[in-house]
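Open the model in a viewer and keep the selection tool at hand. The stops below are meant to be visited in order.

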Amino acid sequence: KINEFGWLLVDGVYKAVTPILVWITPILIIRYLRVNSKFKIQLLAYLIFLVSFTIQWRGMIPIPDPYYYLITFALSSYFFLPFAINNFLSRKIGGFKSTLILPVTWVVLEYLYSSFINPYYSWGCIAYTQFDNLPLLQIVSIAGIYGITFIIGWFASVLNWIWENDFDFKTIQKSGSIFLPTFILVLLYGGVQLTFFQTNQETVRIASITSVIEEGKSNRHIFDEIKSDEKSEITSKTIRNLHNKLFSLSLKEVKAGAKIILWSEASAFVFKEYEDDLIKRGQTFAQENDIFLFMALGTHIQNQVKRENKVIAITPEGGIAYTYTKARPVPGEKSIKGGEQLPLLNTPYGIISTVICFDMDSPKDILNIGKEGVDILLAPSWDWKEITPYHTNMAIVRGIENGFSIVRQTNEGMSASADYQGRVLSSMNHFNTKERALISNVPTKGTTTIYSLVGDLFAWLNILVFFLFIALRFRNNNRH
């Protein structure tokens, strides 16, 4: 349930992202660890992390409890580690330069964790909590999400340093003369981008569609119940009705002026032996209506547990431009892993590409799309209530990083479109409506961002500085 403040009720606990607390809490953690150096006190701080994350992620990670607790243990360790390392290094490194230890360490661990360790990629990265702060969010077009992590960590360290020096005026003056201009410059950059480089240009009307088999019931459970050896008349009728509804809704939006039609992830369930017939129907539909059709199929293969989760891109001429298979299935998902292919389609409405849901959670993977100058990214998706709207917010940040607009049509979640500066153009909550067609007028031209050119250079610079801090710490220790 969602209360009047937009908080989500999960297992009796209301949960919500409160952006301001992300700035305040690290200050208090640093002070607590600095003042209380005994091991048992440090352990208590870690246990607080563990308890809070166990509550926070309940329902968001849909796995059995023993594995869930292992995941929350790993998440708690990952979030606690930057503060522990900061506490260790800063005891031997004094002065204002010590305020850089936490932000640098936090960026390094976040980058390594989301790029090489975490099976859920960038889930848990701190930048997503600031989704509603568009001026601040523009910094990801230069430094990626790690730029925001750095700013939040540095803010906490500077405030702690001032506190540690009893709010001495000279300390405040020194720290303010360095940190404050940097912070203002970041916000000024965002403000200038949003004000003087707006996406005021030609748009294309895109209709993205979700169809449910039975109102009030999840397609997910119904699909799981359908097996290849159960092709009864009831099953066949259910699938035919689903296909008919998808084409009926698509036709309605075409008549309203849509030039591009997108179906949400695995919307069209189909048995493998009937897949060609469904695709031919889509080709005929696209040709007759002179539109681009992106069919999201969930293809069941006889005697296989996993299905093909893919998008068929069809041109107005009725040709198949590409077939894209989901490259990054969620751990435990019953989808066959696709290749690393990068689908690109030149259209009168710009260069269009496609990924599917969880593919967008890896900044490193989506960077390849940004380098190709994609203008519009279509992302058919499938979520669940506990990760709504957070998962969609994450996807929109990918667009800001790489300079493309995005349309994310979501089964059982938040569907939304946004321009390449993160402005939400339209949105729709699956759970609050029965008319699940999202209409978006999307800019046909993207932009080139610094991040799309240099990639994770900022993160690697932080790795270099981190090792310099380690060397400095042990040099000071030897002198002592």
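The tour goes from helices to single loop residues and then to two residue pairs.

**Stop 1: helix H2**

The coordinates come from a predicted model. Select residues 39–56, which form helix H2. Put a distance label on its two end C-alpha atoms: they are 26 Å apart. Why does that agree with the expected span? At 1.5 Å a residue, the 18 residues of H2 should span 26 Å, so the two values agree.

Now show side chains within H2. Gln-42, Ala-45, Tyr-46, Phe-49, Phe-53 and Thr-54 are buried. An α-helix has 3.6 residues a turn, so residues three or four places apart point the same way. To see what lies over the buried residues of H2, add residues 19–35 and 65–90: helices H1 and H3 are included in the cover.

**Stop 2: H1 against H7**

Keep H1 on screen and add helix H7, residues 146–164. Two packed helices are described by the angle between their axes and the distance between the axes. For H1 and H7 the angle is about 50° and the axes are 8 Å apart. This angle makes H1 oblique to H7. The crossing of H1 past H7 is right-handed.

Which residues of H1 and H7 meet? On the H1 side, select Val-22, Trp-23, Pro-26, Ile-27, Leu-28, Ile-30, Arg-31 and Arg-34. On the H7 side, select Ile-151, Ile-152, Phe-155, Ala-156, Ser-157, Leu-159, Asn-160, Trp-163 and Glu-164. Coloured by residue class, this contact splits into 12 nonpolar, two polar and three charged residues.

**Stop 3: backbone details in three loops**

Follow H7 into the loop that joins H7 to helix H8 (169–196), and select Asp-166 there. Asp-166 is not a glycine, yet its phi is positive, about 55°. Is Asp-166 buried or exposed? Its relative accessibility is 68%, so Asp-166 counts as exposed.

Next select Cys-357, in the loop between strand S10 (350–354) and helix H12 (363–371). Cys-357 also has a positive phi without being a glycine, here about 45°. Cys-357 has a relative accessible area of 4%, and is therefore buried, the cut-off being under 20%.

The third loop runs between strand S12 (381–382) and helix H13 (390–402), and Pro-389 lies in it. Select Thr-388 together with Pro-389: the peptide bond from Thr-388 to Pro-389 is cis, with omega near 5°.

**Stop 4: pairs from distant parts of the chain**

Select Lys-97, in the loop between H3 and helix H4 (101–117). Lys-97 is partly exposed, at 44% relative accessible area. Add Arg-475, which is 378 residues from Lys-97 along the chain; the C-alpha atoms of the two are separated by 15 Å. What does Lys-97 contact, leaving aside its neighbours within four places in sequence? The residues to select are Phe-469 and Leu-472.

Finish inside H4, at Val-108. With 5% relative accessibility, Val-108 counts as buried. Ala-471 is 363 residues from Val-108 in sequence, and the C-alpha to C-alpha distance is 16 Å. Leaving aside its neighbours within four places in sequence, Val-108 is in contact with Asn-462, Ile-463 and Phe-466.

Technical notes:
Residues numbered from 1 in each chain as written. Predicted model: local features only at pLDDT ≥ 70, side-chain atom pairs only at ≥ 80, totals over all residues. Heavy atoms only, no water. Helix = DSSP H or I, 4+ residues; strand = E, 2+ residues; numbered from the N terminus. Expected span 1.5 Å × (residues − 1). Buried < 20%, exposed > 50% of the residue type's maximum accessible area, 1.4 Å probe, protein only. Contact = heavy atoms within 4.5 Å. Axes fitted to C-alpha atoms, helices over the stretch in contact; angles between N-to-C directions. Parallel < 35°, antiparallel > 145°, perpendicular 65-115°, else oblique. Left-handed = near helix turned anticlockwise from the far one by under 90°. Nonpolar A, V, L, I, M, F, W, Y, C, P; charged D, E, K, R; others polar.
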